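Me: I'm new to this one, so could you walk me through it? Let me pull it up first.

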Amino acid sequence: MADILPESEALSRAVELLREGAAIAIPTETVYGLAADATNGEAVARIYETKGRPQFNPLIAHVADIAMAERIADFNPLARRLADAFWPGPLTLVLPHRAGSGIHPLVTAGLDTIALRCPRGFGARVIAALDRPVAAPSANSSGRISGTTAQAVAADLGARIPLIVDGGPTPVGLESTIVKVSDDGIALLRPGGIAAEEIERVAGLPLARGAKGVQAPGMLASHYAPSAHMRLNVTQVEPGEALLAFGPRRVAGAEKAVALRNLSESGDLREAATNLFSHLLALDSSGAATIAVEPVPLEGLGEAINDRLARAAAPRDS
Ligand code: TXA
Ligand code: MG
């Protein structure tokens, strides 16, 4: 079983394990990451093995700062402006990968671009101390809900990794926004912790959305899957259902729900993002066969919340 150490006591142990090629769970501001040395192929392979990923989806390489990022990828002026504005923070940039970066090819899964992110807090400190980029997908088994607490990570992956660094509940609560930056402009590959409108404001140009072939390759339709079925945008709760609510007013039949969690009583989308995965886990463990979900508005972080809900609701084999 994994050791669980508080952030304040974990730095040297985390660096030592990463140097040895282990995969360990670390907190970031978005979700917990399953981290390994991005320059060590065996260590990166251990990430896929631990998650049980069906394919080698490309991973995000996490850096300590912009200087480390510029040794790995080519930044045009627009990419640099976005990094200056949003790093450290929940923005991932997909950029042309530089030859000789030292990143193991398993990280990029054969693409000539690379996804880079500079996380806030413990993540950046551990990368700086290791002095190497760290590959880290969300710390959950493939297809499951991303872990936003050390306890959720322990319940899912604890038997398979040596260390979980406990930084408390992650403040953003869902994964980073991924954009691809090229000389043609910016494309939104995955909505996430920074609203698309904020990125457009800094970039001074619109994000291309839904363009063919530009989706992040790892965005399987069925993902973030709870065991329960999910019914979205409900106007009424059916008998036996659990309810994931949003805002101050309840849909009809809410009093019959076998379990209830509210993403945000006040209707705040940032608070809702923070609560999304932990509330889904809690309702799933209530044993209800179906989780009914109230409508969440599509603006701001609501785009990412609706994206994750749609994936959690997508049809699946198991
Ligand atoms: O907030 C986050 O981004 C978290 C924390 C741990 O940093 N990480 C995370 O990683 O969500 P992961 O592996 O679950 O998602 C990474 C996504 C995948 O959908 C993958 O397909 C996409 O990034 N991706 C990676 N490299 C790419 C590339 N070169 N081009 C397009 N998409 C890429
Ligand atoms: Mg993930």
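Reply: Sure. A residue is buried if 20 or more other C-beta atoms, placed from the backbone, lie within 10 Å of its own, exposed if 12 or fewer, and partly exposed in between. This is a predicted model, where local features need pLDDT of at least 70, side-chain atom pairs count only at pLDDT 80 or more, and totals for chains, interfaces and linings use all residues. Residues are numbered from 1 along each chain as its sequence is written, while chains are lettered from A and ligands numbered from 1 in the order in which they are written.

Me: Is Arg 80 buried, exposed or partly exposed?
Reply: Arg 80 sits in helix α4, residues 77–86 (helices are DSSP runs of H or I, at least four residues, and strands runs of E, at least two, numbered from the N terminus). Because 15 other C-beta atoms lie within 10 Å, Arg 80 is partly exposed.

Me: Why do the buried residues of α4 line one face of the helix?
Reply: The buried ones are Ala 79, Leu 82, Ala 83 and Phe 86. Taking directions from the helix axis to the C-beta atoms, they line one face because they fall within an arc of 100°.

Me: Which residues are exposed on the other side of α4?
Reply: Over there, away from the buried residues, you'll find Pro 77 and Asp 84. So the exposed pair by the cut-off of 12 or fewer is Pro 77 and Asp 84.

Me: Which strands stand at the edges of the open sheet?
Reply: Four strands run in the order β12-β15-β13-β14, with parallel pairing (strands pair if DSSP finds at least two bridges between them). Two of them have a single partner strand each, so one side is left without a neighbour: β12 and β14.
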